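Biologist: I would like a close look at one aromatic side chain and what surrounds it. Please start there and then work outwards to the rest of the chain.

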Amino acid sequence: MKLDDVVITRAIVESFYKKLLEYSDVDVAIAGAGPAGLCAAYYLAREKVRVAVFERKLSIGGGMWGGGMMFNELVVGEEGKGILDEIEVNYKIYQKGYYTADAVECISTLCSKATKAGAKVFNLISVEDVMLVGEEVCGLVLNWSAVQMANLHVDPLTIRAKYLVEATGHPAELVKIIVKKIGPRLLTSTGDIVGEKPMWADMGEKEVVENSKEAYPNVYVAGMAANAVFGAHRMGPIFGGMLLSGKKVSNEVLKKLKTQK
Ligand code: 48H
């Protein structure tokens, strides 16, 4: 059969816009497709929650590709290993309580699980603001990353979500926007972003799971953003906490969604 170039164009444009329209009003919108954001997306989508993930970069996976200092192997502890079992990622025991997994297998599997469960990942799109109606944060304001990179004056578009998940990593960009625009009214000890503390793997891994919770009404924090917002340690290239954090936030949001019904 002869291929028509214009049919190819129409197929892409029509299917992308259909997808964007379908996901312009969702249950959960996640900012950032690193390990925490993707893991949250998987566990939510698995429960038939409508979830969209917006990722600034061309590639998903955030800081996971590089393992530790570009050695693309990950370490997970005992609890993190449970998630690798659930998502069917291979790992090897290094010594008791320390497991290693291939970073590329882990990201590609996480992404495959999340998207096949129904989560939609929109890459090349940056979250630049939140939608606030009255006192309620109820959506994300989005623009093409290319617009931001070229510093073009182009107005964004907005999508609605019942709940937002901040998973933008160390910079906690989404919560920073909330503090800048709404004021220091977070559910933290100071009301403001408390800030990330120095490296301490054992403590950081535990804290990141504890801190994965609501940080502003309807806004949940996951991954490194959770430790930045609530003020806790970094943990370096051990990734179990990121996965457990994504799962914990998905459970918190699922509870909220159930009480709404
Ligand atoms: C859209 C955005 C925006 C935006 C950023 O950095 P990540 O991998 O984040 P986590 O929390 O899932 O994982 C953290 C981990 O990678 C890490 O850095 C660790 C464990 N560090 C420990 C240590 O001690 O250093 O992913 C965040 C994603 C990235 O892909 C960004 O491009 C994306 O979010 N992002 N997407 N709009 N405004 N800001």
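Biologist: Which residue lies over the face of Phe 122, and at what distance from the ring centre?

Modeller: Lys 19 does, at 5.9 Å from the centre of the Phe 122 ring. A charge is said to sit over a ring if NZ of Lys or CZ of Arg is within 6 Å of the ring centre and within 35 degrees of the ring normal. Before going further, note that this is a predicted model, in which local features need pLDDT of at least 70 and side-chain atom pairs count only at pLDDT 80 or more, while totals for chains, interfaces and linings use all residues. Residues are numbered from 1 along each chain as its sequence is written, and side-chain values use heavy atoms, with hydrogens and water left out.

Phe 122 also belongs to a cluster, in which ring pairs join it with Phe 16, Tyr 17, Tyr 23, Phe 54 and Trp 144. Rings of Phe, Tyr and Trp (its six-membered ring) pair if their centres lie within 6.5 Å; planes under 30 degrees apart are stacked, over 60 edge-to-face, and the rest tilted.

Two members of that cluster, Tyr 17 and Trp 144, also take part in a nonpolar patch on the surface, together with Met 1, Leu 3, Ile 8, Ile 12, Val 13, Leu 58 and Leu 124. Together the patch residues have about 1000 Å² of accessible area, computed by the Shrake-Rupley method with a 1.4 Å probe, where for residues only the protein chains shown count as cover. A patch takes residues with over 30% relative accessible area and no salt bridge; like charges are joined within 9 Å, and nonpolar side chains (Val, Leu, Ile, Met, Phe, Trp, Tyr) within 5 Å. Helix α1 (residues 5-22) gives the largest share of the patch, four residues. Helices (H or I, at least four residues) and strands (E, at least two) are DSSP runs, numbered from the N terminus. Met 1 sits in the segment before α1. Met 1 has a relative accessible area of 96%, so it counts as exposed. The cut-offs are under 20% for buried and over 50% for exposed, with partly exposed in between (1.4 Å probe, protein chains only).

Moving outwards, the cluster is part of a wider set: the whole structure has eight aromatic pairs. One of them joins Tyr 163 and Tyr 220, whose ring centres are 6.1 Å apart with planes at 75°, so the pair is edge-to-face. Tyr 163 is in strand β9 and Tyr 220 in strand β12 (residues 219-221), so this pair ties together parts 57 residues apart in sequence. Tyr 163 is buried at 4% relative accessibility, and Tyr 220 is buried at 2%. Elsewhere, another charge sits over a ring: Lys 213 is over the face of Phe 230, at 4.5 Å from the ring centre.

Strand β9 (residues 157-166) appears again among the salt bridges. A salt bridge is a side-chain nitrogen of Lys or Arg within 4 Å of a carboxyl oxygen of Asp or Glu, and the structure holds 13. In one of them, Asp 27 and Lys 162 have their closest N and O atoms 2.6 Å apart. Asp 27 lies in strand β1 (residues 25-31) and Lys 162 in β9, so that distant parts of the chain, 135 residues apart, are linked. Asp 27 is buried, at 15% relative accessible area, whereas Lys 162 is partly exposed, at 39%.

A second salt bridge joins Glu 252 and Lys 255, at 3.6 Å from N to O. These two are three residues apart in helix α9 (residues 240-260), which means about one helical turn separates them. An α-helix has 3.6 residues a turn, so residues three or four places apart point the same way. Glu 252 is partly exposed at 23%, and Lys 255 is exposed at 52%.

For the chain as a whole, the secondary structure comes to nine helices and 13 strands. The radius of gyration is 18 Å, close to the 18 Å that the globule rule gives for 261 residues, so the chain is as compact as a globular protein of that length. That radius is taken over C-alpha atoms, and the rule is 2.2 Å times the number of residues to the power 0.38. Of the 261 residues, 48% count as buried.
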